[in-house]
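Visitor: I should like to take a close look at a single part of this protein chain. Would you please guide me through the packing of its helices, step by step?

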Amino acid sequence: MDINNSFPDQMTAKIIEGSEVKINGKGKKVRKPRTIYSSAQLQMLQQRFEKTQYLALPDRAQLATELGLTQTQASPRSLEMTGF
């Protein structure tokens, strides 16, 4: 019997501070993959954040909807992480 295959990598879900967090078989939090923005999305985000660095929540929600992103992805912090 192969010891490495006897305990397959399993994910579990735990509730931490009111939200569900997925934990892999080694007890580490499973991270979401990095968002890949299209050229059009980057251009629109850059133009918008040059005018106003921080958007009100309704404005951010509208921008996210227009670009097909989540509100978190349509934030200045997310744009900084892309190197812009």
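**The helices and their core**

Guide: Among the elements of the protein chain, helix α3, residues 57-67, has the highest mean pLDDT, 93, while helix α1, residues 3-6, has the lowest, 46. The model is a predicted one, and such values should be kept in mind throughout. Over residues 1-8 the pLDDT is below 50, and this stretch has 1 contact in the model beyond near neighbours in sequence. For the protein chain as a whole, the mean pLDDT is 77, with 71% of the residues at 70 or more.

Let us place the helices in the chain. The secondary structure comprises 4 helices and 2 strands, and from the N terminus on the order of the elements is α-β-β-α-α-α. The chain has 84 residues, of which 21% count as buried.

We may now turn to helix α2. This helix has 13 residues, which at 1.5 Å a residue should span 18 Å; the C-alpha atoms at its ends are 19 Å apart, in agreement with that expectation. Which residues of α2 are buried? They are Q41, L42, L45 and F49. Seen down the axis of α2, these buried residues fall within an arc of 95°, so they line one face of the helix. On the other side of α2, the residues S39, A40, E50 and K51 are exposed.

Q41 deserves a moment of attention. This residue lies in helix α2. The relative accessible area of Q41 is 13%, and because a residue under 20% counts as buried, Q41 belongs to the buried class. Leaving out residues up to four places away in sequence, Q41 touches I36, L67 and L69. L67 is itself one of the buried residues of α3, and we may follow this contact to that helix.

In α3, the buried residues are R60, L63, A64 and L67. They cover an arc of only 100° around the axis, which puts them on the same side of α3. P58 and T65, on the other side of α3, are exposed. Against which helix do the buried residues of α3 pack? They pack against α2.

The two helices also share in the largest nonpolar core. This core has 11 residues in all: Y37, L42, L45, F49, L55, L63, A64, L67, L69, A74 and L79. Both α2 and α3 supply at least two residues of it. As a general matter, nonpolar side chains tend to be buried together in soluble globular proteins.

Two members of the core show how its parts meet. Consider L55 to begin with: leaving aside neighbours within four places in sequence, L55 is in contact with R48, F49, R60 and L63. Of these, F49 is a buried residue of α2, whereas R60 and L63 are buried residues of α3.

The other member is A74, which lies in the loop between α3 and α4. The relative accessible area of A74 is 0%, so this residue is buried. Not counting residues up to four places away in sequence, A74 touches L45, F49, R60 and A64. L45 and F49 are among the buried residues of α2, and R60 and A64 are among those of α3. A74 and F49 are 25 residues apart in sequence, yet their C-alpha atoms are 9.9 Å apart in space.

What follows α3 may also be examined. Just after this helix, G68 takes a positive phi of about 70°. T72 has its place in the loop between α3 and α4, the latter being residues 76-81. Is T72 buried or exposed? At a relative accessible area of 58%, T72 is exposed, whereas A74 in that loop is buried. T72 and R60 are 12 residues apart in sequence, and from C-alpha to C-alpha they are 8.8 Å apart in space.

To bring the parts together: the buried residues of α2 line one face of that helix, those of α3 pack against α2, and A74 from the loop between α3 and α4 touches residues including F49 and A64.

Note on methods:
Residues numbered from 1 in each chain as written. Predicted model: local features only at pLDDT ≥ 70, side-chain atom pairs only at ≥ 80, totals over all residues. Heavy atoms only, no water. pLDDT = per-residue confidence, 0-100. Contact = heavy atoms within 4.5 Å. Core = buried A, V, L, I, M, F, W, Y, C linked by side-chain atoms within 4.5 Å. Buried < 20%, exposed > 50% of the residue type's maximum accessible area, 1.4 Å probe, protein only. Expected span 1.5 Å × (residues − 1). Arc of directions from axis to C-beta.
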